[in-house]
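Me: I should like to learn how the features of a protein model are read, one at a time. Please give the general idea in each case and then apply it here.

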Amino acid sequence: MIIIARLILLAVLLSLCIPLEQTAAAKAPELKLSDINQKEHEIKPPYDQPIILNFWASWCGPCKMEAPDLVKLAEKYKGQVKIYAVNMTNQDSEEGAYMFAKDYRFSFPVLLDKTGEASTMFRVAAVPTTFFVDENGEIVSVLTGYGGTELLEKRVRALIAH
């Protein structure tokens with residue numbers, strides 16, 4: 001019985017590390033969230049450029065692995081795509097979000113989902129979950145879990161080309 005429980009636990013833990021690449025032909029819900037500096041952001045199409053919405057938490061191991069890649073992508077594709085880091089503050093803390101963003105030197109807006117409403121509207125089941133959204137608000141693809149630098153960049157290039 002203990003062996004079975006350990007195998008189930010191992011399978012669950014491994015599933016959190018394996019990215020799920022999905023495509024989704026749906027419209028992104030409109031968002032109105034404050035950032036870590038109390039500035040309100042209203043995110044609704046049409047956008048001036050494609051956007052990436054990355055849902056994360058400061059306690060999430062894969063989010064910590066992904067954070068440096070997001071910073072590099074934001075720098076590399078500045079002016080071509082806009083990144084928003086949406087902290088699932090209802091499962092985290094504002095202090096944790098602030099320290100994480102500071103430690104990883106996020107140069108993009110860090111939004112606080114204090115009530116969980118944004119993550120519910122986007123049906124986020126695990127962190128990190130990243131939505132790649134075109135200028136018209138169409139969700140081009142979704143990545144659940146950390147997929148590594150190459151997969152993230154591949155998704156960004158496909159979003160820009162969309």
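The dialogue below takes up the overall fold, a helix, a strand, a cavity and some backbone details.

Me: What should be known about the model and its numbering at the outset?

Reply: The model is predicted, so local features need pLDDT of at least 70 and side-chain atom pairs count only at pLDDT 80 or more, while totals for chains, interfaces and linings use all residues. Residues are numbered from 1 along each chain as its sequence is written, and side-chain values use heavy atoms, with hydrogens and water left out.

Me: How many helices and strands does the protein have, and in what pattern do they follow one another?

Reply: Helices (H or I, at least four residues) and strands (E, at least two) are taken as DSSP runs and numbered from the N terminus. The protein has 5 helices and 8 strands. Along the sequence they give the pattern α-β-β-β-β-α-β-α-β-α-β-β-α.

Me: What share of the residues is buried?

Reply: Buried means under 20% relative accessible area, exposed over 50%, and partly exposed in between, with a 1.4 Å probe and protein chains only. Of the 162 residues, 48% count as buried.

Me: How is a helix such as H2 to be read, and which of its residues are buried?

Reply: An α-helix has 3.6 residues a turn, so residues three or four places apart point the same way. In H2 the buried residues are Pro62, Cys63, Glu66, Ala67, Asp69, Leu70, Leu73 and Ala74.

Me: What span should H2 have, and where does its kink lie?

Reply: The expected span is 1.5 Å times one less than the number of residues. For the 16 residues of H2 this comes to 22 Å, and the end C-alpha atoms are 24 Å apart, which agrees. The bend at a residue is the angle between axes fitted to the seven residues ending there and the seven starting there. H2 has a kink of about 30° at Ala67, shortly before the proline Pro68.

Me: Which way do the residues of strand S7 point?

Reply: In a regular strand the side chains alternate between the two faces of the sheet. From S7, Thr129, Phe131 and Val133 point one way, whereas Thr130 and Phe132 point the other way. The strand, residues 129–133, is mostly covered, with 5 of its 5 residues buried.

Me: Which strands pair with S7?

Reply: Two strands pair if DSSP finds at least two bridges between them. S7 pairs with S4 in the antiparallel sense over 5 bridges, and Asn54 stands opposite Thr130 there. S7 is also joined by 5 bridges to S8 (residues 138–144), again antiparallel, with Thr129 opposite Thr144. S7 and S8 form a hairpin with 4 residues between them, and Gly137 in the turn has a positive phi of about 95°.

Me: How is internal empty space found, and which residues line the largest cavity?

Reply: Rolling a probe the size of a water molecule over the atoms shows where empty space is left. On a 1 Å grid over the protein atoms alone, a cavity is a set of points where a 1.4 Å probe fits but cannot get out, and lining residues have an atom within 4 Å of a point. Grid points are joined across faces, edges and corners, and a volume is the space filled by probe spheres set on the points. There is 1 cavity of 30 Å³ or more, and the largest cavity holds about 30 Å³ of space. Its lining consists of Asn54, Trp56, Cys63, Glu66, Ala67, Leu70, Phe100 and Phe106.

Me: Which element supplies the largest share of that lining?

Reply: H2 does, with 4 residues; S4 (51–56) and H2 (61–76) each supply at least two.

Me: Where are the cis peptide bonds?

Reply: One joins Pro45 to Pro46, with omega near 0°; Pro46 is in the loop between S3 (40–43) and S4. Another joins Val127 and Pro128, with omega of about -5°, and Pro128 is in the loop between H4 (117–121) and S7.

Me: Is Arg105 buried or exposed?

Reply: Arg105 is exposed, at a relative accessible area of 67%. Arg105 has a positive phi of about 60° although it is not a glycine, and lies in the loop between H3 (94–103) and S6 (110–112).

Definitions and conventions
On a 1 Å grid over the protein atoms alone, a cavity is a set of points where a 1.4 Å probe fits but cannot get out, and a pocket is an open set with protein on both sides within 12 Å along at least five of seven lines; lining residues have an atom within 4 Å of a point.
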